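Work through the two exercises below with the structure open beside you. Try each task before reading its solution.

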Amino acid sequence: MAASVSCCRRLSIGAQGKELLAAVDSFLFDCDGVMWDGARAIGGAAEVVSALKARGKRVYFVSNNCTRSREMYLRKFEALGFQVQRDEVFGTAHCCALYLRDTAGLRGKVYVLGSEGLCSELRSAGISVLGGVREEDEGLAVSECVLDSEVRAVLVGYDENFSFVRLAKACGYLKNPDCLFLATDPDPWHPLTGGTVVPGTGSLTAAVEVASNRKAEVIGKPSRFMFDCIACNSGGLDPARALMVGDRLETDILFGVNCGMQTVLTLTGVSSLREAQANMASDRPSQRKMVPNFYVDSVADFLPLLKD
Ligand SMILES: [Mg+2]
């Protein structure tokens, strides 16, 4: 099935749904808000993954959540009853490590604003890491901070310990035009149970961008780098026979569109059907790109299509 004009139709369990299933070999799923909601699996999600694999479909997980290494994702999938293999998991921590090691050929250290999960993934790829959860200069005046002359990249991720000193050090490194500037993902905020939100990597990256007068290269969705990571590590991925399933229009659905895949919005996470429909009705091309081909109430809506 060729990528068609997105029109945000409910995915039916009739001929339309079966036609889609037959036309797709590879399913790419976001995780937060799609496979699980916090510590709770989305009902039926594990069954969908198993049923797709039983039908010979390839399944990949593409998450902008940079706080988890591949190992941490695997432990979470296992704890929630999913049958998932290591080489099916593509989080931004893993993809940043691949970018720095293989694409950029980094020679030197990376200064990280982010979690231990991100740092451990970089170390596993043989990358030398500074910063992370341990900022040895915390509490010092900026003028007292010493910059490491071997740092060749600054990587901004989800950093709960973000501070003035970290911001200043990141900018100090970025004064060198040869120092790479990466961000794990553009997510501006994340929902918390109870309706509140926490700032996301995108808000921290914006602070570093303004203070350094530079623009970060984003590794996560909607950038297509994660698609290329899957294609490179799985013997190829044909976007015309791949489907992206996600809960966030400006990352998951735009990622699918950017990579030429068909897209499904699932309504168990961040974005609403009303927002998708507003994008569809908009005159602005940037919003028109954030319209899924289909929507489902939950990934469990795939189950009836996989029953016979
Ligand atoms: Mg999500």
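Two exercises follow, on a predicted model.

**Exercise 1. A helix pair**

Describe how helix α6 and helix α7 pack against each other.

*Solution*

Step 1. Pick the descriptors. Two packed helices are described by the angle between their axes and the distance between the axes.

Step 2. Locate the helices. α6 spans residues 164–174, and α7 spans residues 201–212.

Step 3. Apply the descriptors. The two axes come within 9 Å and cross at roughly 50°. That angle makes α6 oblique to α7.

Step 4. Add the handedness. The crossing of α6 past α7 is right-handed.

Step 5. List the contacts. α6 contributes L167, A170, C171 and L174. From α7 come A207, V208, A211 and S212. The contact residues comprise 7 nonpolar, 1 polar and no charged.

**Exercise 2. A metal site**

Find the protein donors of the magnesium ion, and place D30 and D247 in the chain. Are D30 and D247 buried or exposed?

*Solution*

Step 1. Name the donors. They are D30 (OD), D32 (O) and D247 (OD). Their distances from the magnesium ion run from 2.0 to 2.2 Å.

Step 2. Write the spacing. Along the chain, the donors follow D-x1-D-x214-D.

Step 3. Place the pair. D30 sits in the loop between β2 (26–29) and β3 (36–37). D247 sits in the loop between β14 (242–246) and α9 (249–258). They are 217 residues apart, so the pair links distant parts of the chain.

Step 4. Check accessibility. Buried means under 20% relative accessible area. D30 has 6%, so D30 is buried. D247 has 4%, so D247 is buried.

Notes. Residues are numbered from 1 along each chain as its sequence is written. This is a predicted model: local features need pLDDT of at least 70, side-chain atom pairs count only at pLDDT 80 or more; totals for chains, interfaces and linings use all residues. Side-chain values use heavy atoms; hydrogens and water are left out. Axes are lines fitted to C-alpha atoms, for helices over the stretch in contact, and angles run from 0 to 180 degrees between N-to-C directions. Helices (H or I, at least four residues) and strands (E, at least two) are DSSP runs, numbered from the N terminus. Angles under 35 degrees count as roughly parallel, over 145 as roughly antiparallel, 65 to 115 as roughly perpendicular and the rest as oblique. A crossing is left-handed if the near helix is turned anticlockwise from the far one by less than a right angle, and right-handed if clockwise. Contact means heavy atoms within 4.5 Å. Ala, Val, Leu, Ile, Met, Phe, Trp, Tyr, Cys and Pro count as nonpolar, Asp, Glu, Lys and Arg as charged, and the others, Gly among them, as polar. Donors are N, O and S atoms within 2.8 Å of the metal (3.2 Å for Na, K and Ca); water is not among the atoms, so sites may look incomplete. Buried means under 20% relative accessible area, exposed over 50%, partly exposed in between (1.4 Å probe, protein chains only).
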